[in-house]
Amino acid sequence: MLALLLLPTLGTYAQLPPHLATASSAFTGKPNFPANLFAEYWPGYEPTQTKSQVQPKVTDPVSGVVYPLELTDANTIPDNDLTDPYVLPPSLLQAVITGPLPANASLSTPGSSQLASQAVQSIMDIINGTTGALINNTCGQCLAALGVGKVLANTAPWEIPGVLIELCNLYGYDSYGTCAENFGITSDGDVAAQILALADVTGQDGEYICAMSFNSACDLPAVNTLDMDGYFSKPKPANAVAPPPSGERIRVLHLSDFHLDPRYATHAEASCSQYLCCRSYSDANSSPNKTVLPAPRYGAYSCDTPYDLAGVAVEAIPELAGAGKTGREFDFAIFTGDLVSHDNDNQLGRAYVEYEETSIFSMIKHAIGGSPLFAALGNHDSWPQALNSPVTLTPSYLADQYSWNYEHISSLWAMNGWIDDTAKAYASVHYGGYAYTTWRGLKVISFNTDFWYTANWYNYINTSNPDISGQFRWMTDELQKSEDAGERVWIIGHVPPGWDAYSAIPNPTNLFYQIVARYSPHVIAEIFFGHNHEDEFAVYYDNNATNPSAATALATSWIVPSLTPLTNLNSGFRAYDVDPVTFNVLDSYTWISNISAAAAVDNQTSHGAVYSFEYSAREAYGANIPWPATAPLNATWWHLVTEQWESNPSLVEKFTTYQGKNSVKTGNCTSQACVESKICYARSGSFPISGACPYGSKYGSVQ
């Protein structure tokens, strides 16, 4: 009865689909955090109490470090990272070591300080229109200002953070917190100095920076023409078709966007005025002295995943989604990125990221037992978040500045037995990406999508090159090997390249689309992303989707729901029934926890949160599509789903409900503009295609 009371009111199946018939429809968590998930807990934060979130004593198996309580204590969140080094580009005029430097090191001199003051004045003159040669458009002003910044970045790069803070305070272009929190030298200021020094800031690179970072001061540059001549070593085979179904099935778990918040403060303000909520310092401007919405133990809509909700999810996953002899097994699992909470960069550091990686992967291992997990890095799985530098940057310390993270996380994967030494060695020096072939013969290609993510500032260096990381050349070579060997491939990443054209930049996603078209459907079986926190998909077509149809549909990317409820969503996870020969998805199943019911679970100790079955993709969308029971939910099927949307727009409303994981916060999609947009997004696998959708990204998210 309890589980039924806490289920969402829309979309819940009274009867499970046939291949889940032996499972439970819902799982009710125990009243306390599962003590067996960790060996030890800090005193006062044990699972036996419920007033605060637990604080496990996490030991890193790679380094042997026991992470201190102060790192994650809700009451000791730092304002500034004074532990990790910062990195600056070299000065072209002075023989000064510029990286890596201790956090408390200062290179400023009276002379360089004067240069900084002159740069600020020059930029103010440009913006205010008081220069000798007036610039009469905002794009020209932005490019000219960047040009001034470049001169300073190449002479006294250590002064750039201070200049950015001063200009930010004058013109208000900070994106979170205060200007100092944004652009301090131990936050994002040192990276900004690198970009100014290395990018062509008065050319196309600068146009991208001004378009993406300064209120669209410039128009986004047109997509560069790809030179694909000779890019593929062999032409696409004439008989490029997927293998026939085997009639068998295995169960595969898919988790994404865990975003564990070990600093979550139960009963703190969950309706705060400054993101991230559910923190000890959170408050609402409308009620600074009284909490408006106390943060429930099991999560809130403006907050990341608390340990208590994570504990219920970890126990629910094998119970609800497992299969095999015991009914709790997975053939393997995938994780498509984002472990770390949505803290501002000034509150983060290397140790916090490594703590999150260690804690979450240890919990996932409890959920999947001896099954392997294949993971991709998300934009939050680094520090500063979203930033990854190409390995081709010089000097070498610029190229290697994020290697600490690749080395740590690849070591965790190998120590858990999920990848072999060859994959580990590659991942440790190639952005966490790797190719690994399972015992069943499926190759999994994991790559780092930060190299098309808008917030990775390194993407604005040499923007005419669609592959500054070299990942797509490597991916293409791996796909060619698989084609030659008759091998099937899954591609996993984090940020989707298309959907509503909100998160990715054009050129790399355009190249990826050509690669997918070349190797689908005979090599690439499925593609998986996360990042959006919502339940979505995108279909890839032949000829750049110039004629999207069932006949031209080639591949599908599954954009999966998040475990975190941020923002205004329910918590969710996904599993697939997969053909073990073709490795195509036969059906997808989604489970959710209703966050609007979380407060009702507080102040009692008889039970915890509930996860319940939400829907089967085949049953939800396939009622009017003639499709054999053994046939996969491939790109053709998903295109037919979008055709159903065209003839019956009410089905788009059903999709929108599932997109938000049945959240009470999800609005409707009944207007013609919304319906047309979601059909367009679902047929858009790259920025250039989704960017042509008639209403832009307005209807892309339900958050």
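**View A. A salt bridge between Lys234 and Asp484.** In this predicted model, the side chains of Lys234 and Asp484 come together in a salt bridge, with 3.0 Å from N to O. Lys234 sits in the loop between helix 7 and strand 2 (250–255), while Asp484 belongs to helix 13 (residues 471–485), so the pair ties together parts that are 250 residues apart in sequence. If you would like to look for others, the structure holds 18 salt bridges.

**View B. Domain 1 meets domain 2.** Here we step back to the two domains, domain 1 (86–213) and domain 2 (250–691). The contact draws 25 residues from domain 1 and 23 residues from domain 2. Taken over C-alpha atoms, the centres of the two domains are 34 Å apart. About 2100 Å² is buried between domain 1 and domain 2, and carbon and sulfur atoms account for 64% of that area.

**View C. The domain 1 side of the interface, with Ile195, Leu198 and Tyr208.** These three residues supply 24% of the area that domain 1 buries against domain 2, more than any other three residues. For the polar side of the picture, the rule finds 7 residue pairs in polar contact across the interface (both at pLDDT 80 or more), whereas 0 salt bridges are found there. Three elements each give two or more residues to this side of domain 1: helix 5 (179–183), helix 6 (189–198) and helix 7 (204–213). Sorted by class, the side of domain 1 that touches domain 2 has 15 nonpolar, 7 polar and 3 charged residues.

**View D. The annotated span 250–534.** The unreviewed UniProt entry annotates residues 250–534 as "domain: Calcineurin-like phosphoesterase". Helix makes up 30% of this span and strand 12%, and its end C-alpha atoms lie 25 Å apart.

**View E. Two cis peptide bonds, before Pro384 and Pro521.** Most peptide bonds are trans, which makes this pair worth a friendly second look. Trp383 and Pro384 are joined by a cis peptide bond with omega of about -10°; Pro384 is in the loop between strand 4 (373–375) and helix 10 (396–399). Ser520 and Pro521 are also joined by a cis peptide bond, with omega of about 5°. Pro521 lies in the loop between helix 14 (506–518) and strand 8 (524–529).

**View F. His267 and its positive phi.** Most residues other than glycine have a negative phi. His267 has a phi near 75°, a positive value, and is found in the loop between strand 2 and helix 8 (307–321).

Methods: Residues numbered from 1 in each chain as written. Predicted model: local features only at pLDDT ≥ 70, side-chain atom pairs only at ≥ 80, totals over all residues. Heavy atoms only, no water. Domains from an automatic or database assignment. Contact = heavy atoms within 4.5 Å. Buried area = accessible area lost by both parts, 1.4 Å probe. Salt bridge = Lys/Arg side-chain N within 4 Å of Asp/Glu carboxyl O. Polar contact = N/O pair within 3.5 Å; in protein donor to acceptor, adjacent residues only side chain to side chain. Helix = DSSP H or I, 4+ residues; strand = E, 2+ residues; numbered from the N terminus. Nonpolar A, V, L, I, M, F, W, Y, C, P; charged D, E, K, R; others polar. UniProt positions renumbered as here; feature names shortened; annotations may be inferred.
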